[in-house]
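Visitor: Please take me through one part of this model in close detail. I would like to start from a single histidine and work outward from there.

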Amino acid sequence: MTAISYQLYGSRNWPLADTLSMLAEAGYKHVEGYGALFAQAPSLAEDLRAAGLSMPTLHYGLDDLERDPQAAVDLGRAVGAEAIFAPMLQAPDRPVDPVGWQAFAARLVAAGRPLQEAGFVFGWHNHDFELIDLGDGVMPLDIIAGAAPELKLELDLGWTARAGHDPVAMVERFAGQIHAAHIKDVAPAGACTDEDGWADVGHGMVTWVPVHAALQKAGVRRYVIEHDNPSDHRRCARRSLATVQAF
């Protein structure tokens, strides 16, 4: 069985309690958290239990993780997480060449050890900047994935498509290290401009049937529905879930 989650970042503009109730009513059982949410919701574990939801995966800032790994461990245990992903590098911090990315990958490996020793899966969640060609067809994500077999990926298929790559090819390329996948759709050019060019899953440009088949072949059994900026998160949550359930 494939488990389906919802990335709560897409509902950051709505009250958390209302969001959790809405997701439970829509049929979700799992959600994925993100950094800013944890400081804003000190009763998060209780809120999740009250709504009948669990948080098997979460995003945790790399700087925060390095500063206090035990806080990440404690949070993960409190919400019942199995995997913690570092999610982002701001533009000024992004390496510009293979040597820089190798150093960053080593940093990720080191940062993940306390989490792995505590029993969590640890890995990296990509955007588009890790999918550029550094030369000879090597991408930053290749360097990250190649740093250590225990460093896993949460492959964001929306950013993969937006970067101009075939999502199926990317799933096949990293098949051995994908722990979870972000199921996110890209609107046609010029559409959904009020939603930053993203679309509800199944209502954009990604052809999901072969992507789903590739994910299943790769053994990926955790899908996280995401939309970075929906104008109506209830519509997005319901339509996207219906699409994924019909894969």
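Guide: H227 sits in the loop between β10 (222–225) and α11 (233–245). The model is predicted, so all that follows is read from computed coordinates. H227 is buried because its relative accessible area is 3%, under the 20% limit.

Look at what packs around this side chain. Beyond its neighbours up to four places away in sequence, H227 touches G10, K184, E195, W198, A199, D200 and C236. Two polar approaches stand out for inspection. The side chain of H227 reaches the backbone oxygen of W198 at 3.4 Å. A polar atom of that side chain also lies 3.0 Å from the backbone nitrogen of N229. For a sense of scale, take G100. The C-alpha atoms of H227 and G100 are separated by 30 Å, with the two positions 127 residues apart along the chain.

Next, follow one of the contacts, D200. D200 touches H227 and forms a salt bridge with R239, the closest N and O atoms being 2.9 Å apart. R239 lies in helix α11, and D200 in the loop between β9 (198–199) and α10 (208–217), so the salt bridge ties together parts that are 39 residues apart in sequence. The two ends are not equally covered: D200 is buried at 3% relative accessibility, whereas R239 is partly exposed at 36%. Salt bridges with shared partners also join D156, K184, E226 and D228 into one network. K184 is one of the residues that H227 touches.

D156 leads to a second histidine, H125. H125 is placed in strand β5 (residues 121–125). H125 is buried, because its relative accessible area is 3%. The H125 side chain makes a polar contact with the side chain of D156 at 3.0 Å. Another polar contact, at 3.3 Å, goes to the side chain of H182. Setting aside residues up to four places away in sequence, H125 touches H59, F85, A86, P87, E130, E154, D156, H182 and E226. Two members of the salt-bridge network, D156 and E226, are therefore among the contacts of H125.

H59 and A86 point to the strands. Strand β3 covers residues 54–59, and five of its six residues are buried. Strand β2 (residues 30–33) runs parallel to β3, joined by three bridges. Within this pairing, E32 has T57 as its bridge partner. On to strand β4 (residues 83–86): three bridges join it to β3, and these two strands also run parallel. Here L58 is bridged to I84.

Now the nonpolar packing. In soluble globular proteins, nonpolar side chains tend to be buried together. The largest nonpolar core in this model has 72 residues, and L8, Y28 and W124 have the most contacts inside it. Helix α6 (residues 98–117) gives this core its largest share, seven residues. Take Y28 as a sample. Leaving aside neighbours within four places in sequence, Y28 is in contact with I4, S5, Y6, L23, L53, I225, A237 and L241.

Helix α6 also takes part in a salt bridge. R107 pairs with D63, the closest N and O atoms being 2.7 Å apart. This pair links distant parts of the chain: R107 is in helix α6 and D63 in helix α4 (residues 62–67), 44 residues apart. Both ends are partly exposed, R107 at 29% and D63 at 46%.

For a local case, try R49 and E46. Their salt bridge has its closest N and O atoms 3.7 Å apart. Both residues lie in helix α3 (residues 44–51), three residues apart, about one turn of the helix. R49 is exposed at 55% relative accessible area, while E46 is partly exposed at 47%. The structure holds 12 salt bridges.

Last, the annotation. An unreviewed UniProt entry lists residues 23–228 as "domain: Xylose isomerase-like TIM barrel". In the model, that span is 41% helix and 19% strand, and its end C-alpha atoms lie 16 Å apart.

Key
Residues numbered from 1 in each chain as written. Predicted model: local features only at pLDDT ≥ 70, side-chain atom pairs only at ≥ 80, totals over all residues. Heavy atoms only, no water. Core = buried A, V, L, I, M, F, W, Y, C linked by side-chain atoms within 4.5 Å. Buried < 20%, exposed > 50% of the residue type's maximum accessible area, 1.4 Å probe, protein only. Helix = DSSP H or I, 4+ residues; strand = E, 2+ residues; numbered from the N terminus. Contact = heavy atoms within 4.5 Å. Polar contact = N/O pair within 3.5 Å; in protein donor to acceptor, adjacent residues only side chain to side chain. UniProt positions renumbered as here; feature names shortened; annotations may be inferred. Pairing = 2+ DSSP bridges. Salt bridge = Lys/Arg side-chain N within 4 Å of Asp/Glu carboxyl O.
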